[in-house]
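Colleague: Before I rely on any of the wording used for this model, I would like to see what stands behind it. Let us take the terms in turn.

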Amino acid sequence: MSLLTLDRLSVRMRGRAIVSDVSLTIEPGEFVGLIGPNGAGKTTLMRAALGLIPAQGHSSLAAMAPRERARAAAWMPQAREIAWPVTVETLVMLGRVPHLGAGQRASPEDRAAVDAAIAQMGLQPLRGRAATRLSGGEAARVLIARALAQQTPLLMADEPTAGLDPAHQISTMETFAALAAEGKSCLVSLHDLGLAVRHCTRLILIAPQSAMEDGQGGLVADGAPEDVLTPERLDHVFGIEAAFRRGEDGPLFQPLRVTR
Ligand SMILES: Nc1ncnc2c1ncn2[C@@H]1O[C@H](COP(=O)(O)OP(=O)(O)OP(=O)(O)O)[C@@H](O)[C@H]1O
């Protein structure tokens with residue numbers, strides 16, 4: 001069964017089409033990278049898919065009741081604002097809220113999910129720290145851990161690797177890839193095309209209206225990384241030239257120069 005279906009999803013803001021007629025389906029086992037230049041509409045598309053902003057067309061997640069949706073998809077937004085001075089452990093435990101009944105305390109299963117998420121993101125040393133006193137990268141890892149603790153079939157994250165050091169970027173991508181290998185799915189927006197190419201099973205490329213010759217922004221390509229990132233699209237959509245090789249160490253992608 002599909003974990004997300006979008007059918008002609010469109011978002012207009014202030015009279016401007018930000019997302020135009022996006023249709024796609026995400027199946028179990030996929031690690032999907034949502035890519036596109038600044039302003040392409042990646043955040044808007046994911047927020048509309050989750051039902052967080054008004055949209056035209058259909059999203060299977062937006063159509064769900066809030067509690068059902070919170071069990072179907074976890075969401076890590078781009079803003080890493082943590083307002084409450086709770087401990088890291090308590091913040092990660094918030095990911096279990098959709099699984100708790102009214103007034104119900106955390107069960108051993110909930111605690112195990114929190115422990116696993118904290119271990120996956122390497123947060124054991126920060127477990128008792130105030131979540132409001134973390135570096136940007138630490139806060140990002142805590143918010144990813146909260147999403148992991150939610151243990152949903154689909155995990156959606158907006159630029160989860162932004163601000164992470166190289167080791168944590170790679171381990172985070174490996175964590176998402178492992179979830180996909182278990183039969184869950186991840187939809188993750190990314191600017192680092194090298195990470196996207198190495199770890200994602202599929203890329204969805206969207207472009208702003210201004211980048212397209214026909215003036216129609218939206219979904220430009222959807223498929224395997226090597227099929228999506230053609231030299232022509234890299235030039236037209238991103239305005240770059242890149243080296244893309246498949247070596248002994250897997251696919252390697254390196255942007256080389258600006259073309260415009
Ligand atoms: N509340 C809003 N009102 C009007 N326009 C908006 C609003 N939010 C976003 N936009 C516009 O929608 C477009 C897409 O924004 P969005 O944040 O979805 O892009 P993005 O692909 O996630 O960009 P980035 O890579 O820079 O994070 C941008 O041109 C942005 O200015």
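Modeller: Start with the overall shape, bearing in mind that this is a predicted model.

Colleague: What makes the radius of gyration agree with a compact globule?

Modeller: For 260 residues the globule rule gives a value near 18 Å, and the protein has 19 Å, so the two agree. The C-alpha trace spans about 55 × 45 × 35 Å along its principal axes. The protein has 9 helices and 11 strands, and 40% of its 260 residues count as buried. Among contacts with a separation of 6 or more, 65% join residues 24 or more positions apart.

Colleague: How confident is the predictor?

Modeller: Mean pLDDT is 92, with 97% of residues at 70 or more. The scores for the model are ipTM 0.97 and pTM 0.93.

Colleague: Why is Leu205 called buried?

Modeller: The cut-off is 20 or more other C-beta atoms within 10 Å. Leu205 has 23, so Leu205 counts as buried. Leu205 sits in strand S8, residues 202-207. Beyond its neighbours within four places in sequence, its contacts are Ile35, Gly36, Val220, Ala221, Val228, Arg233 and Val237.

Colleague: What makes helix H1 largely enclosed?

Modeller: H1 covers residues 42-49, and 6 of its 8 residues are buried, so the rest of the structure largely encloses the helix. The buried ones are Lys42, Leu45, Met46, Arg47, Ala48 and Ala49. After H1 comes Gly51, with a positive phi near 80°.

Colleague: Which element gives the largest share of the shell around the ligand?

Modeller: H1 does, with 3 residues. The residues around the ligand include Lys42, Thr43 and Thr44, along with Gly36, Asn38, Gly39, Ala40 and Gly41. Met13, Arg14 and Ile18 are also in the shell. By class, the shell divides into 3 nonpolar, 6 polar and 2 charged residues.

Colleague: Why is Arg8 called exposed, and Glu159 partly exposed?

Modeller: A residue is exposed at 12 or fewer C-beta neighbours, buried at 20 or more, and partly exposed in between. Arg8 has 12 inside 10 Å, so Arg8 counts as exposed. Glu159 has 19 within 10 Å, and is therefore partly exposed.

Colleague: What is the phi of each of these two residues?

Modeller: Arg8 has a positive phi of about 50° although it is not a glycine. Glu159 likewise has a positive phi, near 50°, and is a residue other than glycine. Most residues other than glycine have a negative phi. Arg8 is in strand S1, residues 4-13, whereas Glu159 lies in the loop between strand S6 (154-158) and helix H6 (166-181).

Colleague: Which residues have the most contacts inside the largest nonpolar core?

Modeller: Val92, Val142 and Ala145, in a core of 75 residues. Helix H5, residues 136-149, gives the most to this core, with 9 residues. Apart from neighbours within four places in sequence, Val92 is in contact with Val114, Ala117, Ile118, Val142, Ala145, Arg146 and Ala149.

Colleague: How do you know that Val92 is in contact with Val142?

Modeller: Two residues are in contact if their C-beta atoms lie within 7 Å. Val142 is among the contacts of Val92. In soluble globular proteins, nonpolar side chains tend to be buried together.

Note on methods. Residues are numbered from 1 along each chain as its sequence is written. Helices (H or I, at least four residues) and strands (E, at least two) are DSSP runs, numbered from the N terminus. A residue is near a molecule or strand if its C-beta atom, placed from the backbone, lies within 6 Å of it. Ala, Val, Leu, Ile, Met, Phe, Trp, Tyr, Cys and Pro count as nonpolar, Asp, Glu, Lys and Arg as charged, and the others, Gly among them, as polar. A nonpolar core is a set of buried Ala, Val, Leu, Ile, Met, Phe, Trp, Tyr and Cys residues joined through C-beta atoms within 7 Å. pLDDT is the predictor's confidence in each residue, from 0 to 100. The radius of gyration is taken over C-alpha atoms; the globule rule is 2.2 Å times the number of residues to the power 0.38.
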